[in-house]
Amino acid sequence: MTTYYYILASQKFLIEEEPLEEVFRERTRHYQEKKQEIDFWLVKQPAFLEAPEFAEIKAKCPQPAAAIISTNQQFITWLKLRLEYVVVGEFQAPSQTITDPLASLETVS
């Protein structure tokens with residue numbers, strides 16, 4: 001099992017109000033220079049919130065939600081320091097309740 005760390009907020013906040021594109025672009029460039037594999041993902045309507053252990057967190061987060069998920073705890077800690085109004089946490093996957101850590105409930109139209 002792998003530990004995944006996340007920042008969770010409303011989609012409006014994470015995608016529209018914060019300059020994440022710039023952060024991701026810079027982080028991707030840095031990883032490419034170091035020949036490091038990308039270890040972070042933006043997931044709209046993350047499915048892990050449907051797991052019973054996340055019921056309380058889901059209830060507190062404005063919907064639709066979005067999450068930045070990473071296997072790099074330092075990156076998530078850095079983002080938390082940069083962003084306000086986000087929930088930070090971690091989970092292990094795959095598990096009985098979270099089979100795909102990066103799954104989304106968003107339907108593509």
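F75 is buried, at a relative accessible area of 1%. Buried here means under 20% relative accessible area, exposed means over 50%, and partly exposed covers what lies in between (1.4 Å probe, protein chains only). The model is a predicted one, in which local features need pLDDT of at least 70 and side-chain atom pairs count only at pLDDT 80 or more, while totals for chains, interfaces and linings use all residues. Residues are numbered from 1 along each chain as its sequence is written, and side-chain values use heavy atoms, with hydrogens and water left out.

**Helix α4**

F75 shares its burial with I76 and L79, the other buried residues of α4. These residues cover an arc of only 95° around the axis and therefore sit on the same side of α4; the arc is taken from the directions from the helix axis to the C-beta atoms. The face turned away from the buried side of α4 carries the exposed residues Q74 and L81. Helices (H or I, at least four residues) and strands (E, at least two) are DSSP runs, numbered from the N terminus. The cover over the buried residues of α4 includes β1, α2, β2, β3 and β4 (87–93). Contact means heavy atoms within 4.5 Å. L79 touches I7, V23 and I68, leaving aside residues up to four places away in sequence.

At the N-terminal end of α4, N72 acts as a cap: one of its side-chain oxygens lies 3.0 Å from the backbone nitrogen of Q74. A polar contact is a pair of N or O atoms within 3.5 Å; within protein, one must be able to donate a hydrogen and the other to accept it, and residues adjacent in sequence count only if both atoms are side-chain atoms.

**Helix α2**

Helix α2 spans residues 20–33, has 14 residues and reaches 20 Å from its first C-alpha to its last, close to the 20 Å expected at 1.5 Å a residue. The expected span is 1.5 Å times one less than the number of residues. Its buried residues are L20, V23, F24 and Y31. They lie on the same side of α2, because the arc that they cover around the axis is only 95°. E21, R25, Q32 and E33 are exposed on the other side of α2. Elements covering the buried residues of α2 include α1 (11–17), β2 (40–44), β3 (65–70) and α4 (73–82). Just after α2, K35 takes a positive phi of about 55°.

**Nonpolar cores**

A nonpolar core is a set of buried Ala, Val, Leu, Ile, Met, Phe, Trp, Tyr and Cys residues joined through side-chain atoms within 4.5 Å. The largest has 17 residues, of which L14, I68, F75, I76 and L79 touch the most other members. At least two residues of this core come from each of β1, α1, α2, β3 and α4. Helix α2 supplies the largest share, 4 residues. Another core, of 15 residues, lies apart from it and has Y4, C61, A65 and A93 among its members.

**Aromatic pairs**

The structure holds 12 aromatic pairs. Rings of Phe, Tyr and Trp (its six-membered ring) pair if their centres lie within 6.5 Å; planes under 30 degrees apart count as stacked, over 60 as edge-to-face and the rest as tilted. Two of the pairs are tabulated.

| Pair | Ring centres | Plane angle | Class |
|---|---|---|---|
| Y6 and F48 | 5.0 Å | 50° | tilted |
| F40 and F75 | 5.0 Å | 45° | tilted |

The pair of Y6 and F48 links distant parts of the chain, 42 residues apart, with Y6 in strand β1 and F48 in the loop between β2 and α3 (55–60). Y6 is buried at 2% relative accessibility, and F48 is buried at 1%. F40 is in strand β2 and F75 in helix α4, so their pair ties together parts 35 residues apart in sequence. F40 counts as buried at 7% relative accessibility. Ring pairs also link Y4, Y6, F48, F54 and F91 into a cluster.

**Two serines**

S10 belongs to strand β1 (residues 2–10) and is buried, with 14% relative accessibility. Leaving aside residues up to four places away in sequence, S10 touches C61, P62, P64, A65 and A66. S95 is in the segment after β4 and is partly exposed, at a relative accessible area of 22%. The C-alpha atoms of S95 and Q45 are separated by 19 Å, and these residues are 50 residues apart along the chain.
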